[in-house]
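Here is a set of short exercises on reading a protein fold. Have the structure open while you work, and try each task before you read its solution.

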Amino acid sequence: MNMAEPSILDPFRLRKEDVNTFISNSDNHIIRKGKDMKGFFQNDVELDLVIYEVHEIYGPHSTDMGLTIMKPGKVGREYHMTKGHFHESASADEYYFCLAGKGMIIMQSAKGEIRHLLLNEGEGVYVPSGWAHRTVNVGNKDFILLAIFPKDAGHDYGTIEDEGFGVIVVEVDGQPEVIDNPSF
Ligand code: M6P
Ligand code: ZN
């Protein structure tokens, strides 16, 4: 549960042009570098490389928001991606909206079912409760993603950190391809 006070209480619109307004009102800023993601990629990752940043706004009531900004790039053949997580709360689902760029959302249920959905600017994804989720930047510019999730969702990173997802997203002939994870 986030304990910080919410900072935006007035109605507001969020377009890609408003990202800096979101950032200046955010309650928390997370920077994930290579050193925070050791073992997540098949290849070694440069320790000081910024893979993505998350700006969080803690809502006043039942939901929080996260804005993920991910630089384009690859580690070996694998596109930049988030750590990925299950929610601690079994009932917590999540909505994703792409404000800019081109990404892929990888989802995996506790039973091991796997889905991947391509996300272009202006498109959204529903992540049902019980599905782990990871964001991948498969484009050549910043991928900007708004997430809305229940306050009590909680991030369970352990399972993914230990086992990974069943698939990875690699570049083949300049295009993203989802392949079986050789380390899974
Ligand atoms: C989205 C949301 C956040 C999450 C962030 C980065 O913005 O799902 O809750 O923190 O992506 O993903 P991760 O926590 O897996 O690094
Ligand atoms: Zn989540």
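**Exercise 1. A pair of strands**

In which sense do β7 and β12 pair, and over how many bridges?

*Solution.* Keep in mind that this is a predicted model. Step one: follow the two strands in the structure; β7 and β12 pair in the antiparallel sense. Step two: count the bridges between them, which gives 5. Step three: pick out one bridge as an example, where alanine 100 has isoleucine 144 of β12 as its partner.

**Exercise 2. The sheet around this pair**

Find the order of the strands in the open sheet of 6 strands, and say which strands stand at its edges.

*Solution.* Begin with the order, which reads β1-β2-β3-β12-β7-β10, with antiparallel pairing. Now look at the two ends: β1 (28–33) and β10 each have a single partner strand, so one side of each has no neighbour in the sheet. Neighbouring strands here are turned by 20° against each other on average, direction ignored.

Next, check two of the pairings. Strand β3 (residues 63–70) is joined to strand β12 (residues 143–150) by 8 bridges in the antiparallel sense, and leucine 67 has leucine 146 of β12 as its bridge partner. Strand β7 (residues 94–100) is joined to β10 by 4 bridges, again antiparallel. On that side, tyrosine 96 is bridged to valine 125 of β10, and tyrosine 95 stands opposite tyrosine 126.

**Exercise 3. Two faces of one strand**

Along strand β10 (residues 124–127), which side chains point to the buried face?

*Solution.* First recall a general pattern: in a regular strand the side chains alternate between the two faces of the sheet. Then apply the pattern to β10: Val125 and Val127 point to one face and are buried. Gly124 and Tyr126 point to the other face and are not buried. For a look at a neighbouring strand, turn to β7, which is mostly covered, with 5 of its 7 residues buried.

**Exercise 4. The other sheet**

In what order do the 3 strands of the other open sheet lie?

*Solution.* The order is β9-β8-β11, and the pairing is antiparallel. The edge strands are β9 (114–120) and β11 (131–137), each pairing on one side only. From one strand to the next, the twist averages 20°. Between strand β8 (residues 102–109) and β11 there are 7 bridges; one of them links methionine 107 to histidine 133.

**Exercise 5. Is serine 109 buried or exposed?**

*Solution.* Locate serine 109 in strand β8. Its relative accessibility is 6%, and because buried means under 20%, serine 109 counts as buried. Now look at its surroundings. The side chains of serine 109 and glutamate 113 are joined by a polar contact of 2.8 Å. Leaving aside neighbours within four places in sequence, serine 109 is in contact with Phe86, Gly130 and Trp131.

**Exercise 6. The nonpolar cores**

Which residues have the most contacts inside the largest nonpolar core?

*Solution.* A general idea helps here: in soluble globular proteins, nonpolar side chains tend to be buried together. The largest core has 36 residues, and Phe41 and Val136 have the most contacts inside it. Elements that give two or more residues to this core include β2 (50–58), β7, β8 and β14 (167–172). A second, separate core has 11 residues, among them Val19, Ile69, Ala100 and Ile144. Returning to valine 136, the residues it touches beyond four places in sequence include Met70, Tyr79, Ile106 and Val169.

**Exercise 7. Around the ligand**

How many residues surround ligand 1, and which are the closest?

*Solution.* There are 15 residues around ligand 1, the closest being Tyr52, Thr68, Glu94, His155 and Tyr157. Then check the distances from an oxygen atom of the ligand to an N or O atom in a side chain: 2.6 Å for glutamate 94, 2.7 Å for histidine 155 and 3.4 Å for arginine 32.

**Exercise 8. A residue after a strand**

What does the side chain of asparagine 181 reach?

*Solution.* Find asparagine 181 in the segment after β15 (175–180). At 10% relative accessibility, asparagine 181 counts as buried. Its side chain reaches the backbone oxygen of phenylalanine 165 at 2.8 Å. Finally, compare sequence and space: asparagine 181 and isoleucine 168 are 13 residues apart in sequence, with their C-alpha atoms 5.3 Å apart.

Terms used: Residues numbered from 1 in each chain as written. Chains lettered and ligands numbered in written order. Predicted model: local features only at pLDDT ≥ 70, side-chain atom pairs only at ≥ 80, totals over all residues. Heavy atoms only, no water. Buried < 20%, exposed > 50% of the residue type's maximum accessible area, 1.4 Å probe, protein only. Pairing = 2+ DSSP bridges. Axes fitted to C-alpha atoms, helices over the stretch in contact; angles between N-to-C directions. Polar contact = N/O pair within 3.5 Å; in protein donor to acceptor, adjacent residues only side chain to side chain. Contact = heavy atoms within 4.5 Å. Core = buried A, V, L, I, M, F, W, Y, C linked by side-chain atoms within 4.5 Å. Near = heavy atom within 4 Å.
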